[in-house]
Amino acid sequence: MVTVNFRTLELTKLYPLAISRGTMASSENLFVEVSDGTHTGLGELSPATGSAWTADRGRAQLESFVADSVLFAGYMGGTPAPHAVYAAMRVAGIDPPAMAALDVAMWDLLAKQAGVPLYRMLGLPKPIEPTSVTIGINPPDVTRERVPDILRRTGAKCLKIKLGSPEGRGHDREHFTAAAEAAAPFGAKLRVDANGGWTPEEAKAMMAWLAERGVDYVEQPLAEGMEDDLPGIFEGRPLPIFLDETIRFCENVPKVAGRCDGVNLKLMKCGGITEALRIVGAARASGLKTMIGCMSESSVAIAAGAAIGALFDHIDLDSHLNLNPDVATGAPIVEGIVLPTDNAGHGAALNA
């Protein structure tokens, strides 16, 4: 008989992360364990800045789902298939981060039962694309101080700079300049995420300005809900545009084809590995590039993302690198690349 257990832990960030929608210094994350009596799969819920998708709400939803679902109650046919569990959670209207916690735990359990690393069970190699590490919106003097520490401590080769400051585009330029100058001695590639903080006119001006300064791409220049304005900034764009908040599930992808260059999925946003694989397929069918990002996750959810990391053109799996401390292990960064381990499952485990 399959059993499900829950545990909530508070994760504290080394540096508070400020984006266009607010600042997060810590988070309450829910960890879900699914056991068949011999093996235990582990998943994680991480809330987003300013979101109602909390650990307490997710736990209540999952406890009700597990208690009522025929997939778990007295299940006698072995471990339920992750695809079936995911489909039932979508029907039940469970929040995406809560779905992700149970979905990842199911995949972890399945790979442990098979005795193989999750990335190998999915027929994938280890990722070779380095991860970006993130610097939030800060006063320029704080940015100059933090960027060298982040790059030196992690060994990362790419820096994602959060823009879309509520203080305006002048502050964006000052913050970016401070970050770029501080990153220059490390030779780090520069990427930008506006988190929907720009108007269409600001997006055009900022993208032109950033292109002159060697930025690789811009993520989510316009807010979710402004998709009708995307063609106006996509045509003649000086930089590739990736969409994040706009993309939640695979059915969102075809709607933005021809309006962006790529899509960024997050396990917490789409509900786990099951839907992540579908989003990648939809993106490729639509001629779009792919990226995987994260929220305020420990090594548990990051290891799950790393297990499918080989599918992506760009990787932003860095939240565990900004925890003090990380409550888990299993997602090491080696030569700038966040790698899955060769342990069975996704390879991550909570610390004692």
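Here are three short exercises on this structure, each with a worked solution.

The model is predicted, so to read it well, note that local features need pLDDT of at least 70 and side-chain atom pairs count only at pLDDT 80 or more, while totals for chains, interfaces and linings use all residues. Residues are numbered from 1 along each chain as its sequence is written, and side-chain values use heavy atoms, with hydrogens and water left out.

**Exercise 1. Find the order of the strands in the open sheet, and name those at its edges.**

Step 1. Strands (E) are DSSP runs of at least two residues and helices (H or I) of at least four, numbered from the N terminus. Two strands pair if DSSP finds at least two bridges between them.

Step 2. Reading across the open sheet, the eight strands come in the order E4-E5-E6-E7-E8-E9-E10-E11, with parallel pairing.

Step 3. E4 and E11 (314-315) each have a single partner strand, so one side of each lacks a neighbour in the sheet.

Step 4. For a look inside, take E8 (residues 241-243), which is joined to E9 by two bridges. Here Phe 242 is opposite Gly 262 of E9.

**Exercise 2. Decide whether Glu 219 is buried or exposed, and find its side-chain polar contact.**

Step 1. Locate Glu 219 in strand E7 (residues 218-219).

Step 2. Buried means under 20% relative accessible area, exposed over 50%, and partly exposed in between (1.4 Å probe, protein chains only). Glu 219 has a relative accessible area of 0%, so the residue is buried.

Step 3. A polar contact is a pair of N or O atoms within 3.5 Å; within protein, one must be able to donate a hydrogen and the other to accept it, and residues adjacent in sequence count only if both atoms are side-chain atoms. The side chain of Glu 219 makes one of 2.6 Å with that of Asn 264.

Step 4. Contact means heavy atoms within 4.5 Å. Not counting residues up to four places away in sequence, Glu 219 touches several residues, including Lys 160, Phe 242 and Lys 266.

**Exercise 3. Place Glu 275 and list its contacts.**

Step 1. Glu 275 belongs to helix H11 (residues 273-285).

Step 2. Its relative accessibility is 2%, so Glu 275 counts as buried.

Step 3. Leaving aside neighbours within four places in sequence, Glu 275 is in contact with Tyr 86, Arg 90, Phe 249, Cys 250, Glu 251 and Cys 270.

Step 4. Finally, the C-alpha atoms of Glu 275 and Ala 87 are separated by 9.6 Å, and these residues are 188 residues apart along the chain.
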